[in-house]
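User: I would like a close look at one part of this model, namely a strand inside the fold, the pocket beside it and the salt bridges elsewhere in the chain. Please work through it in one connected account.

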Amino acid sequence: MRAILAAIADGDLAAQGVLAVSNNRQAPALEAARAAGLKSLCIPTRDEPDAADARLAEGLTDAGVDLVILSGYLRRLGPRVLAAFPGRILNIHPGPLPQFGGEGMYGARVHEAVIAAGVAESGAVIHVVDGDYDHGPAIARLRVPLAPGDTAETLGQRITALEPGFYLETLKAIVAGKIALPIAP
C-alpha cells in the first residue's frame with residue numbers, strides 16, 4: 001500500500017487512493033493511509049461475517065472506490081462486496097496459483113508448501129478475486145526461482161521484497177490499458 005500511495009503522490013501512477021481498510025485498528029497501514037490523507041476503516045475480525053460484508057461494501061461504495069486492491073487482507077470477502085465490484089477486486093498471492101493457494105494458504109505456509117513440493121520456482125500472482133480463496137483469474141505472474149538452501153523465511157523475504165514493485169507495475173499496466181481486467185465493471 002505504501003508503494004502504491006507513494007507512486008500516486010509522485011505522479012508515477014495515474015490513480016487516486018480513497019480508502020484503506022484493515023481488520024486491525026493498530027495496523028501501521030491505517031496510520032500510513034491517514035498520513036496520506038486517505039479515509040480509513042477498521043472491520044474487526046470478530047465482527048459477524050454478514051455485518052462485516054455489509055459494512056465493507058458500504059464503506060467502499062461511499063468512498064467512491066473503482067478498483068479494490070487487496071494486500072494482506074485475509075478475511076473472505078462476502079457476496080455484497082463481490083457483487084458491488086465484479087472483476088474489480090485484485091489480490092496478490094505470495095506463491096504460484098492454483099497449486100499453492102486456497103483457504104489457509106498465506107505467508108510462510110505458502111513458502112513451506114512450495115519448498116516441500118520441490119518445485120524450481122515460486123513467485124507471486126495478482127488475480128481477480130471471486131468467492132473462493134485464491135481462485136479468480138490471474139492477470140500477472142512474477143516468477144522467483146528457488147535458491148539452494150532456501151527456507152520458508154528466505155524465500156518469503158525475497159518474494160515480499162519484490163511484491164510492491166510487481167503490484168505497482170501491474171497497476172500501471174492496467175491504467176495504461178496493457179492489462180484488461182477479465183470482467184468489465
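Analyst: What follows starts with the strand, goes on to its pocket, and then turns to a helix and its salt bridges.

The model is predicted, and every value below was computed from it.

The strand in question is β5, which covers residues 121-128. Of its 8 residues, 7 are buried, so β5 is largely enclosed by the rest of the structure. Part of that enclosure can be followed through its pairing. Strand β4, residues 89-93, pairs with β5 in the antiparallel sense over 4 bridges. Within β5, V125 is the residue that stands opposite H93. β6 also pairs with β5 in the antiparallel sense, here over 7 bridges. One of the positions involved is E121, whose bridge partner in β6 is P145. As background, side chains in a regular strand alternate between the two faces of the sheet.

S122 gives a residue-level view of this strand. S122 lies in β5, and its relative accessible area is 2%. The cut-off for buried is under 20%, so S122 counts as buried. Setting aside neighbours within four places in sequence, the contacts of S122 include P94, G95 and P96. The contacts of S122 also include V114, together with L142, R143, V144 and L146. L155 and I159 are in contact with S122 as well.

S122 also takes part in a pocket, the second largest in the model. About 190 Å³ of space lies in this second largest pocket. Its lining is made up of 14 residues, and those that lie nearest its centre are P96, Q99, E121, S122 and R141. Two elements, β5 and β6 (138-145), give two or more residues each to that lining. The largest share comes from β5, with 5 residues. By class, the lining holds 7 nonpolar, 4 polar and 3 charged residues. P96 therefore appears twice in this account: P96 is in contact with S122, and P96 is among the residues nearest the centre of the second largest pocket; the burial of S122 itself rests on its relative accessible area of 2%.

The next element is helix α6, residues 152-175, and T170 is one of its residues. With a relative accessible area of 4%, T170 is buried. Beyond its neighbours within four places in sequence, T170 is in contact with I126, I139, A140 and I179. Of these contacts, I126 has a number that falls within the residue range of β5. I139 and A140 have numbers that fall within the range of β6.

Helix α6 also carries charged side chains that form salt bridges. A search of the whole structure finds 7 salt bridges. In one of them the side chains of K172 and D12 meet, at 2.8 Å from N to O. This pair links distant parts of the chain, with K172 in helix α6 and D12 in the loop between α1 (2-9) and β1 (19-22), 160 residues apart. D12 is partly exposed, because its relative accessible area is 43%.

K172 has a salt bridge with E169 too, at 3.3 Å from N to O. E169 and K172 are 3 residues apart in helix α6, so about one helical turn separates them. At 46% relative accessibility, E169 counts as partly exposed. Through shared partners, these salt bridges join D12, E169 and K172 into one network.

A salt bridge with the same 3-residue spacing is found in helix α2, residues 28-35, where E31 and R34 are separated by about one helical turn. The closest N and O atoms of E31 and R34 are 3.7 Å apart. E31 is partly exposed, with a relative accessible area of 47%. R34 is partly exposed as well, at 40% relative accessibility.

One further strand residue completes the account. L41 sits in strand β2, residues 39-42. Its relative accessibility is 15%, so L41 counts as buried. L41 and A20 are 21 residues apart in sequence, yet their C-alpha atoms are 6.3 Å apart in space. Apart from residues up to four places away in sequence, L41 touches L19, A20, V21 and S22. L30, R55 and G59 are also touched by L41.

Key
Residues numbered from 1 in each chain as written. Predicted model: local features only at pLDDT ≥ 70, side-chain atom pairs only at ≥ 80, totals over all residues. Heavy atoms only, no water. Buried < 20%, exposed > 50% of the residue type's maximum accessible area, 1.4 Å probe, protein only. Contact = heavy atoms within 4.5 Å. 1 Å grid on protein atoms, 1.4 Å probe; cavity = no way out; pocket = protein on both sides within 12 Å on 5 of 7 lines; lining within 4 Å. Points joined across faces, edges and corners; volume = space filled by probe spheres on them. Nonpolar A, V, L, I, M, F, W, Y, C, P; charged D, E, K, R; others polar. Salt bridge = Lys/Arg side-chain N within 4 Å of Asp/Glu carboxyl O. Pairing = 2+ DSSP bridges.
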